[in-house]
Amino acid sequence: MKRLYNYIPLHFVVLLIIGICFQFFTQFWSYSFLKTSLFLGGLAVLVFLITNKVIRTGLAFILFFFVGVSAVYLNDDRNYDSFYEHQLEDNATVILQIDKILKPGNYYQKYEAKVIKVNADKTIGTVLLNIQKDSFTNPLHVDDQILLKPTLKELIPPLNPHQFNYKSYLAKQGIHHQLFVAENQFLRLNSKRTSLLGLSAKFRNKIQESLKKYHFKDNELAVINALLLGQRQDISKELIVDYQRAGAIHILAVSGLHVGVILWILSFIFKPLERIKYGLFLKTVIIVLLLWMFAFIAGLSASVVRAVTMFTFLAIGLSLRRKNVVEFSFISSMLFLLLIKPMFLFDVGFQLSYLAVFGILWVQPKLYKVYNPRFFLDKKIWQLFTVSIAAQIGILPLSIYYFQQFPGLFLASNLVIIPFLSAILIGGILVIIASLLHILPQFLADIYGVIISGMNDFVSWVSHQEEFLFKEISISFITMLCWYVFLFLGVYFLIEKSSKKLIYFFISILLLQSVYLIESNQNKVKEELIVFHKSRFSMIGKRVGAQLFLQHDIDSVRFKKENSIKSYSVSEGIIQVKETSFKNFVKFSNKDVLLIDSLGVYNITGLKKPIVVMQYSPKINLTRLIKTIKPSQIIADGSNYKSYVIRWEKLCLKHQIPFHYTGQKGAFIID
């Protein structure tokens, strides 16, 4: 462990991560590519010229901090003159090239598209392209180019508190705008340009067409596509939920687990090469090439590239036969990936995969020593058990923070599925090769389909054991960090038992308890009035401690599925939601809140500059209302007609009254 702590790239990774976070959240670095290069080059020269060890180490740390800062800046397309938004003018013509096919929505086919030209100027940048679904619509393919006159729209942030921030998610992938078009609003171009992603997509389409001839069921084919081709677009929502609830969603995403199994299989197959001269080198080259060939077939998605990069470093490290090779490969691959793609740091998949591997490397060897199995089967089961537990220790706080649930039967899922995963992957690869060569017997395809269906049925059964699924668990970011401190120091104490480590562990317990007490007290005294956004409906809530008093007009069936209230209640620690009626007036925090519904009644005496909430498109003279009651602010929720909202906004601007429409600015909160 001490040797690992002294591994220089580990220190560089830490400083790199600090630099990436600092630039991402502050955006303080705004210098040109030339100035950035000169600055970093100057620091690097000083590191090599200065002989004093302390100063040299300090400068090296500063250098890698600024490498992280500059990596974020240089990877942001918006910082270049060729970014498409800088070139756009009214009535501009744009050429888009399809880069990635996304899971379609209810009304639109979705794509990631590069903006390669604005008028005659070459540009950079990626947008989210939404093409309206039509019975005559021919889907676009990777590398297809289209010509259109776009109306770019800002990505919409979450309109209610604690909902998934899709805008932030896409921004971390370099996507800042979207556009909506119909089939007749763009022209398909006859482009002969083919990229690496396009070649990958064509080869993958050929595989999918060959598999369709063997009459696999929809869910069977969807899982085969996910397991072997890295494509999850065709998986039904119900099946994804089943895998999530069973703690086996990682099976459906080509990641470190799949690549690790493939590396193990390839190492076994090519082991005889080690007997010949330079055989180990040859074996490593072949394995690395085959791993990247698999990544190419799987579409070179971010998760696949991350996993293959990690195991490429591991394969090279194993060929060198150095001590701690796995740990060093793990750290070196992270350093390499963050240097090339710093925004990977904010990707949930990146965080979970590296934390899972960290848990396996650090916790599993110590956990394995707790019991000494004597038989081969016993040993393998215990090994798989300890690996699963170690991986869960690594990701547990983070997965609860993101997904607000914990599948209690994850061990059952992993212990049953993972031992057969290598056979499933080998069988799938053989099925694909045989189908491409048109030599796959139908009965073998049927057998493989039955195996996949059996796995799906088992996962579905596990997911429906409701008593073992711990849902609606919410922890804050600070609490999550405290949990990691607690787990780290707890495991550290178990590894190196000493009084000093025990004191640190007790301190972590006190820290965790303190944070829980502080947050619990804050929730108990917190009060706020919220005008939620719900299209065509009205929802107004008054939160008092752990209770939410809610006025709404949604039917009971739809209300049970209302995610905005559910996510708010879970994240804020709301124990009870009570339906109420505020009628048309609420007194909150010494502020008068007047609710004006479709009846348009607002003749209430004694109001002092009230906040006015407009509901159900009241037909009133807003100018007269402003002169009569002199509101401090006017709010329009989602139950109003947009034509009314636009008119009200103009009148408020004219009379210099602040106006808030929940459909644009999100829920309105008074605290």
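1. In this predicted model, S388 is found in helix α16, the element that covers residues 376-403. S388 has a relative accessible area of 6%, and it is therefore classed as buried, since that class takes in residues under 20%. Once its neighbours within four places in sequence are left aside, S388 is in contact with F410, L411 and N414, and a reader new to the structure may wish to display these residues together with helix α16.

2. A second buried position is I207, whose relative accessible area is 1%, and which lies in helix α7, made up of residues 196-212. Not counting residues up to four places away in sequence, I207 touches L229, I297, I432 and L436. How far apart are I207 and G42, in sequence and in space? The two residues are separated by 165 residues in sequence, and their C-alpha atoms are 51 Å apart in space.

3. L289 belongs to helix α11, which runs over residues 279-297. Is L289 buried or exposed? With a relative accessible area of 56%, L289 is exposed, because the exposed class begins over 50%.

4. Which residues join L289 in a nonpolar patch on the surface? The patch is formed by Y278, F281, V285 and L289, which together have about 480 Å² of accessible area. L289 thus appears here twice, as a residue of helix α11 and as a member of this nonpolar surface patch, whereas S388 in helix α16 and I207 in helix α7 were described above as buried, with relative accessible areas of 6% for S388 and 1% for I207.

Key
Residues numbered from 1 in each chain as written. Predicted model: local features only at pLDDT ≥ 70, side-chain atom pairs only at ≥ 80, totals over all residues. Heavy atoms only, no water. Patch = residues over 30% accessible without salt bridge, like charges linked within 9 Å, V, L, I, M, F, W, Y side chains within 5 Å. Areas by Shrake-Rupley, 256 points an atom, 1.4 Å probe, with all protein chains shown as cover. Salt bridge = Lys/Arg side-chain N within 4 Å of Asp/Glu carboxyl O. Helix = DSSP H or I, 4+ residues; strand = E, 2+ residues; numbered from the N terminus. Buried < 20%, exposed > 50% of the residue type's maximum accessible area, 1.4 Å probe, protein only. Contact = heavy atoms within 4.5 Å.
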